[in-house]
Structure formats: C-alpha cells, structure tokens
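This report takes up a salt bridge first and then turns to helices and annotated segments. Please keep the sequence and the coordinates at hand while reading.

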Amino acid sequence: MTDRHRQPTRTNPIATFLSNLQTHSPNSTQMLGILTLIITVAILLILSGITLTATVLALIFFSPIILISSPVWIPLAIFLFVAIASVLGLCGVGFSVVAGGSWMYKYFRGMNPPGAGRVEYARSRIVDTASNVKDYAKEYGGYLQRKVKDAAPGA
C-alpha cells in the first residue's frame, strides 16, 4: 500500500476525552485542598442547621416566659442600652481628648506631628486674611469719613 491509498486514521473520541481529562486532572495537593473545602463546608452547614433548629426551639419554649416577664425586660434593656452607649461615648471622648492633647503637646514642642504643615498653612491664611480685612477697613473707613466731611463740612 502506498501513502496515497492509506485511509486516514480516526481517533477514538472517548480516548481523546480521557487523555484530555488525564492531562488536566488536579494533582494530589489540589485534591487535598478540594477535599478539605468540601468537608469544611459540610461541617459548617451542619452546625448552622443545628444552630437554627436550637434557636427556633428555644424561641418556642421561652416565648411564654418572655411575654409574661416583658414588663421587666423592656425597661432593663433600655437601661442597659443607655448605660453601654454612655460608657462607649465617654471612652470615645476620652480617647479623642488624649489623642488631641498628645498631638498639641508634640506640635507646641516642635516635634512636627502629622498634619502640622496643614495647621501652619491654615494659620498663615488666617493671618493674611485678617491683615487684608484690616487694610480694607482702614481704607473704607477713611472713605466714609471723607464722605461724612463732604456731606457736613462742620462735622
């Protein structure tokens, strides 16, 4: 048989698929990672289901007790909310005062805390604006006094 008369070889599609699958198959480390992921997700799903079931059962069991004792729980909850909010607010204000005091101490001692350049820029802008307003007031004030003298020469 010559090359011209040879029939083209056909590849088996199943064999091609299996060889592609084998070349793209994950290695053992990837398989271990996938297995760990599957086990972790399954455990978390089971735990969330148990938690949800326990929550519903506890709500069913304790709802009569909660309804009977609600005149005590509502004022207690309001008191606890106000107390906790006050303590957290006081801690936040205290932290702000300590941080601000520390920044001011560093600023006045010349240690250049973060943002000192912006404070200096703002201070110079305020001084320049005040100087401009003062000059404008002197100029405008003199203008008004001249107008008054023109209007009333004896004044």
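## A charged pair in helix α4

With a relative accessibility of 34%, E120 falls in the partly exposed class, in a model that is predicted. R123 is likewise assigned to the partly exposed class, because its relative accessibility is 49%, a value that does not pass the 50% above which a residue would count as exposed.

The side chains of E120 and R123 meet in a salt bridge, with an N to O distance of 3.0 Å, and the structure holds 1 salt bridge. Side chains of opposite charge can pair when their charged atoms come close. Both residues belong to helix α4, which covers residues 116–151, and because they lie 3 residues apart there, about one helical turn separates E120 from R123.

## Helix α2 and its bend

Helix α2 comprises 41 residues, 28–68, and at 1.5 Å a residue it should span 60 Å, so the 60 Å between its end C-alpha atoms agrees with that expectation. Along α2 there is nevertheless a bend of about 50° at F62, and a proline, P64, follows within four residues.

## Annotated transmembrane segments

The unreviewed UniProt entry carries the annotation "transmembrane region" for residues 34–67 and for residues 73–99. In the model, residues 34–67 are 100% helix and 0% strand, with end C-alpha atoms 48 Å apart. For residues 73–99 the computed content is 100% helix and 0% strand, and the end C-alpha atoms are 38 Å apart.

Key: Residues numbered from 1 in each chain as written. Predicted model: local features only at pLDDT ≥ 70, side-chain atom pairs only at ≥ 80, totals over all residues. Heavy atoms only, no water. UniProt positions renumbered as here; feature names shortened; annotations may be inferred. Helix = DSSP H or I, 4+ residues; strand = E, 2+ residues; numbered from the N terminus. Expected span 1.5 Å × (residues − 1). Bend = angle between axes of the 7 residues up to and from the residue. Salt bridge = Lys/Arg side-chain N within 4 Å of Asp/Glu carboxyl O. Buried < 20%, exposed > 50% of the residue type's maximum accessible area, 1.4 Å probe, protein only.
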